[in-house]
Amino acid sequence: MDIRQVIAANARAARLTKGLTQAQVAQRLGVDRAHVSALEMGQRNPTATSLWQISQALEVTVRDLVDDGHPFGNPSSVDKL
């Protein structure tokens, strides 16, 4: 799987697990909600600094964001949240 898709799935799963909206994450990051949406769709290629900022906003580790082992559970089960 493309690393952008891994980050996208994990960021979305972490956000949903924490009960946050894209707008709330965007506010924490100081970006537009569309930026968070693009990240969650795998359309962004975040830098190391961006990964750290995203991890801080979601209160997870960078490792959680890049782990292709689904650290937040099965991605299909997250869609049902």
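This is a selection-by-selection tour of a predicted model.

**Whole chain**

Start with everything shown as cartoon. The chain has six helices and zero strands. Read along the sequence, the pattern is α-α-α-α-α-α. Now color by burial. Of the 81 residues, 35% count as buried. Switch on the surface. The accessible surface comes to about 4900 Å², and carbon and sulfur atoms hold 48% of that. Then turn to contacts. Among those with a separation of 6 or more, 63% join residues 24 or more positions apart.

**Helix α3**

Select 33-40, which is α3. Begin at its N-terminal end, where D32 acts as the cap. Show the D32 side chain and the backbone of A34. A side-chain oxygen of D32 lies 2.8 Å from the backbone nitrogen of A34.

Next, pick out the buried residues of α3: V36, S37, A38, L39 and E40. What covers them? Bring in α1 (3-17), α2 and α4, which are included in that cover. Finish with G42, which follows α3. The phi of G42 is positive, near 80°.

**E40 and its partners**

Stay in helix α3 and select E40. Is E40 buried or exposed? E40 counts as buried because its relative accessible area is 12%, below the 20% cut-off. Show side chains around it.

- R15: its side chain makes a polar contact with the side chain of E40, at 2.6 Å.
- Q22: its side chain makes a polar contact with the side chain of E40, at 2.9 Å.

Now widen the selection. Leaving aside neighbours within four places in sequence, E40 is in contact with A8, A11, R12, R15 and Q22.

**Q22**

Move across to Q22, in helix α2. Q22 is also on the buried side of the cut-off, with a relative accessible area of 15%. Which side chain pairs with that of Q22 at 2.8 Å? Select R33: the two side chains make a polar contact at that distance. The link from Q22 to E40 is the one shown at the previous stop, at 2.9 Å.

Extend the selection to everything Q22 touches. Not counting residues up to four places away in sequence, the set is R15, R33, V36, S37 and E40.

**The cavity**

Hide the side chains and turn on cavity display. How many cavities of 30 Å³ or more does a search of the whole structure find? The search finds one. The largest cavity has a volume of about 40 Å³.

Select its lining: A11, V25, L29, V36, L39, E40, I54 and L58. Color these residues by class. Seven are nonpolar, none is polar and one is charged. Then color by helix. α2 (22-29), α3 and α4 each supply at least two lining residues. α3 gives the most, with three. E40, from the earlier stop, is one of the residues on this lining.

**The largest pocket**

Go on to the largest pocket, which holds about 150 Å³ of space. Select L29, V31, H35, L39, R44, N45, P46, S50, Q53 and I54 to see the lining. Two elements give two or more residues to it: α3 (33-40) and α4 (48-58). Which one has the largest share? The largest share is that of α4, with three residues.

Color this lining by class as well. Five residues are nonpolar, four are polar and one is charged. Compare the two selections on screen. L29, L39 and I54 appear in the pocket lining, and L29, L39 and I54 appear in the cavity lining too.

**Q53**

Keep the pocket on screen and select Q53, one of its lining residues. Q53 sits in helix α4. Q53 is partly exposed, with a relative accessible area of 40%. Now draw a C-alpha to C-alpha distance from Q53 to L29. The two are 24 residues apart in sequence and 6.9 Å apart in space.

**D64**

Last stop: D64, in helix α5 (residues 62-66). D64 is partly exposed, with a relative accessible area of 23%. Which residues does D64 contact, once neighbours within four places in sequence are set aside? Select N10, P71 and F72. Then draw the C-alpha distance from D64 to A11. The gap is 8.6 Å, for residues 53 apart along the chain. A11 is familiar from two earlier selections: the cavity lining and the contacts of E40.

Conventions:
Residues are numbered from 1 along each chain as its sequence is written. This is a predicted model: local features need pLDDT of at least 70, side-chain atom pairs count only at pLDDT 80 or more; totals for chains, interfaces and linings use all residues. Side-chain values use heavy atoms; hydrogens and water are left out. On a 1 Å grid over the protein atoms alone, a cavity is a set of points where a 1.4 Å probe fits but cannot get out, and a pocket is an open set with protein on both sides within 12 Å along at least five of seven lines; lining residues have an atom within 4 Å of a point. Grid points are joined across faces, edges and corners, and a volume is the space filled by probe spheres set on the points. Helices (H or I, at least four residues) and strands (E, at least two) are DSSP runs, numbered from the N terminus. Ala, Val, Leu, Ile, Met, Phe, Trp, Tyr, Cys and Pro count as nonpolar, Asp, Glu, Lys and Arg as charged, and the others, Gly among them, as polar. Buried means under 20% relative accessible area, exposed over 50%, partly exposed in between (1.4 Å probe, protein chains only). Contact means heavy atoms within 4.5 Å. Accessible areas come from the Shrake-Rupley method with a 1.4 Å probe; for residues, only the protein chains shown count as cover. A polar contact is a pair of N or O atoms within 3.5 Å; within protein, one must be able to donate a hydrogen and the other to accept it, and residues adjacent in sequence count only if both atoms are side-chain atoms.
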